[in-house]
Amino acid sequence: MPARTDHRDRVVEAAAELLRSEGRSAVTTRAVSTAAGVQPPTIYRLFGDMTGLLDAVAADGFARYIERKTAQEASEDPVDDLRRGWDLHVEFGLANPAHYLLMYGEPAPGERNAVAARAHGILLSIVERTARAGRLAVGVEQAADMLHAAGMGVTLSLIGTAPERRDPSLSVRTREAVIAAVTGDAPAGGSEPARCAVALRAVLDGSGAEFSRGERLLFEELLTRVADSGT
């Protein structure tokens with residue numbers, strides 16, 4: 001008898017293939033069970049309900065996305081790595097629209113699953129490298145949120161537009177506008193003191209300087225004020 005994990009993998013793979021080839025409406029209990037070669041009750045025993053199965057399919061999509069994201073080697077220019085990460089995100093969404101909509105189109109309020117959190121962590125690490133290089137004009141978390149929100153918005157917009165009507169420059173122009181906003185490279189961007197404050201916060205833990213808890217909180221508050229004043 002096949003192991004439980006074998007059944008689970010087969011069901012997720014069958015549901016993912018139906019999602020890719022025929023769209024979400026095709027992912028029904030009967031269709032998935034037939035494609036996976038299992039009885040319908042098996043799906044409910046493994047996933048609870050179809051929502052649980054779709055959550056597993058979304059996690060599978062995130063896992064494949066992360067495989068591609070982690071395969072990208074870091075370059076000497078973290079800002080260029082932000083560009084490459086953005087392009088990969090948009091390319092993945094356009095190549096896997098049904099998966100992307102499942103992953104990003106219906107987020108659970110206030111929640112981020114473990115695989116999505118890992119993807120966000122990769123983005124954060126690149127943004128932190130940018131901060132340490134002194135090239136960030138806003139806080140690390142804010143920069144990551146801006147890049148994520150804008151990249152997701154562009155991808156969803158392009159998915160919702162007929163291929164023949166898509167503006168091929170939309171992603172690049174939006175990408176450059178957001179990167180300019182978070183790095184301050186544009187004339188209207190952040191100030192030099194703001195970039196220095198963000199960079200200092202990013203390297204504070206590795207500085208070797210000792211602070212009391214109160215001193216650390218005060219120092220971080222002051223750096224945050226300087227950083228925010230340049231936005």
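This report covers a helix crossing, one residue and one pocket in a predicted model.

Residues are numbered from 1 along each chain as its sequence is written. Local features need pLDDT of at least 70, side-chain atom pairs count only at pLDDT 80 or more, totals for chains, interfaces and linings use all residues, and side-chain values use heavy atoms, without hydrogens and water.

**Helix crossing.** Helices are DSSP runs (H or I, at least four residues), numbered from the N terminus. The axes of α5 (residues 78–95) and α9 (residues 170–183) come within 11 Å and cross at roughly 145°. Axes are lines fitted to C-alpha atoms over the stretch in contact, with angles from 0 to 180 degrees between N-to-C directions. Contact means heavy atoms within 4.5 Å. Among the contact residues are W86 of α5 and I179 of α9.

**F92.** Helix α5 also holds F92. F92 is buried (under 20% relative accessible area, 1.4 Å probe, protein chains only), at 2%. Its contacts include Y65, Y100 and M103, leaving out residues up to four places away in sequence. The C-alpha atoms of F92 and T155 are 9.1 Å apart, across 63 residues of chain.

**Second largest pocket.** Residues closest to the centre of this pocket include E141 and R201. α11 gives the most to the lining, with 5 residues.

Classes are nonpolar (Ala, Val, Leu, Ile, Met, Phe, Trp, Tyr, Cys and Pro), charged (Asp, Glu, Lys and Arg) and polar (the others, Gly among them).

| Group | Nonpolar | Polar | Charged |
|---|---|---|---|
| Contact of α5 with α9 | 6 residues | 3 residues | 4 residues |
| Lining of the second largest pocket | 4 residues | 3 residues | 8 residues |

A pocket is an open set of points on a 1 Å grid over the protein atoms alone, where a 1.4 Å probe fits, with protein on both sides within 12 Å along at least five of seven lines; lining residues have an atom within 4 Å of a point.

How values were computed
Helix = DSSP H or I, 4+ residues; strand = E, 2+ residues; numbered from the N terminus. Buried < 20%, exposed > 50% of the residue type's maximum accessible area, 1.4 Å probe, protein only.
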